[in-house]
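Trainee: Please take me through one part of this model in detail. I would like to look closely at the nonpolar core and at what sits around it.

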Amino acid sequence: MNDSAYGDGTRAVRAGLPEPVKYEPTLPGPVFAAHFHLPGEPTGGYAYGRDENPTWTHLEQAIGELEAPGEEGVETLVFASGMAAISAVLFSQLKAGDAVVMPTDGYQALPLLHEQLRAYGVEVRTAPTGGDGQLAALDGARLLWLETPSNPGLDVCDIRRLVGEAHAAGALVAVDNTLATPLGQRPLALGADFSVASDTKGLTGHGDVLLGHVSCRDPLRASEVRRWRKIVGAIPGPMEAWLAHRSLATLQLRIDRQCSTALALAQALAGRADVTGLRYPGLPDDPSHTVATRQMRRFGPVVSFELTDRKRAERFLEELRLVDDATSFGGVRSTAERRGRWGGDAVAEGFIRFSVGAEDPEDLIGDVLRALDEVGSAG
């Protein structure tokens, strides 16, 4: 799969598969092994289950082909979760006395990382994603961490611009690409040093696997991340890795359906007086649309909006029939939640994060509009 001319669907279906062997499965099953036969000197291959596993290898090759189609030298490492992948980049690249620039509006667990980084003597600076606000905090930083589109506010920053400024200032750049997935956006092609994601979300897409990955071009950086994974043991199980690889085959089908329905839902919500603060980068009048169209190939499955207050938001979620009230996003079954229930996000009490699944668009949109009407008519 080294030909960059292949389409997204072809690549997703065939990425990471081994060469055909007569009577062997096209996608080998998970390899459950803590150790491997290792006579003599350990000169290569598989030795111990915390370091390498053949099932990881196939998945890492597959994700690498999606992150950088047709490009040699990109290394991908899979992790037990998205937070494990995020932590691996931060803690392998930063040391006491360094400064890191983080988004103020990123994933809600980032403040926990801020606390730990500060405890290790790392200076943490924060600035908003929108308007490329992190540029103002770059001076003297070791690492710039971007999350675009941001979760849950869906702001977008100009990755190329920020990478250029960061590299000129001597900083590395990592991009959390969870919401977009490699089919929506390719940070490495935009100049980033690391592309990081929680593959629990859209990449695996079925809400049944916890997984994360880091992709990068620089072999030194990759070895540093790999060493961190070995030290902390933040490794995925072989079953999870195999399920993730199997799920990649439907990635393009899922993402295309979800993104097209997300746009249709956003358009349907745009005309309602009872919905405010509507955000979706695919809407032409969204504040992020201009930048998003320059760097995104698909705009993602998440729509956010506000209802007047907490009570109305909770009643809306109760009225939905085809949508689960659950956290996370990117799955084939639509989910929604009142994001303020967790704390940690700067959102209004009536803020809804809606993750569009693979249901028939007319059914899903009809369910949402009916639920809004029920909430409205009940006063």
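Mentor: What follows starts with the core, then turns to helix packing and to some loop residues.

This is a predicted model. Keep that in mind throughout.

Start with the largest nonpolar core, which has 51 residues. Leu269, Phe305, Phe316 and Phe354 have the most contacts inside this core. Several elements each supply at least two of its residues. The helices are H2 (54–67), H7 (238–248), H8 (251–270), H9 (289–295), H10 (310–319) and H11 (361–377). The strands are E9 (302–306) and E12 (351–355). H8 gives the largest share, seven residues. In general, nonpolar side chains in soluble globular proteins tend to be buried together.

Now zoom in on Phe316. Set aside its neighbours within four places in sequence. Phe316 is then in contact with Phe305, Leu307 and Ile352. Phe316 also touches Val368, Ala371, Leu372 and Val375. Phe305 appears again here: this partner of Phe316 is itself among the residues with the most contacts in the core.

Apart from this core lies another one, of 28 residues. Its members include Ala84, Trp145, Val214 and Val225.

Next, a helix pair that supplies the largest core. H2 and H7 each give at least two residues to that core. Their axes are 9 Å apart, and the packing angle is about 35°. The crossing is left-handed. From H2, the contact uses Thr55, Trp56, His58, Leu59, Ala62, Ile63 and Leu66. Facing them in H7 are Pro238, Ala241, Trp242, Ala244, His245 and Leu248. By class, that makes 10 nonpolar residues, three polar and no charged.

Now compare a second pair, H3 (residues 82–93) and H6 (residues 219–232). Here the axes are 9 Å apart and the angle is about 110°. The two helices are therefore roughly perpendicular to each other. H3 passes H6 in a right-handed crossing. H3 brings Ser87, Ala88, Phe91, Ser92 and Gln93 to the contact. H6 brings Arg221, Glu224, Val225 and Trp228. The classes are four nonpolar, three polar and two charged residues. Val225 links two parts of the picture: this H6 residue takes part in the contact with H3, and Val225 is also listed in the 28-residue core.

Now the loops. The one between strand E4 (143–147) and helix H5 (159–168) holds Pro149. Pro152 lies in the loop between E4 and H5 too. Each proline follows a cis peptide bond. One joins Thr148 and Pro149, with omega about -5°. The other runs from Asn151 to Pro152, with omega near 15°.

Last, two residues with positive phi. Asp132 has phi near 55°, and Asp132 is not glycine. Asp132 sits in the loop between strand E3 (123–127) and E4. Its relative accessible area is 10%, so Asp132 is buried, the cut-off being under 20%. Thr181 has phi near 65°, again in a residue other than glycine. Thr181 is found in the loop between strand E5 (172–176) and strand E6 (194–198). At a relative accessible area of 3%, Thr181 is buried as well.

How values were computed. Residues are numbered from 1 along each chain as its sequence is written. This is a predicted model: local features need pLDDT of at least 70, side-chain atom pairs count only at pLDDT 80 or more; totals for chains, interfaces and linings use all residues. Side-chain values use heavy atoms; hydrogens and water are left out. A nonpolar core is a set of buried Ala, Val, Leu, Ile, Met, Phe, Trp, Tyr and Cys residues joined through side-chain atoms within 4.5 Å. Buried means under 20% relative accessible area, exposed over 50%, partly exposed in between (1.4 Å probe, protein chains only). Helices (H or I, at least four residues) and strands (E, at least two) are DSSP runs, numbered from the N terminus. Contact means heavy atoms within 4.5 Å. Axes are lines fitted to C-alpha atoms, for helices over the stretch in contact, and angles run from 0 to 180 degrees between N-to-C directions. Angles under 35 degrees count as roughly parallel, over 145 as roughly antiparallel, 65 to 115 as roughly perpendicular and the rest as oblique. A crossing is left-handed if the near helix is turned anticlockwise from the far one by less than a right angle, and right-handed if clockwise. Ala, Val, Leu, Ile, Met, Phe, Trp, Tyr, Cys and Pro count as nonpolar, Asp, Glu, Lys and Arg as charged, and the others, Gly among them, as polar.
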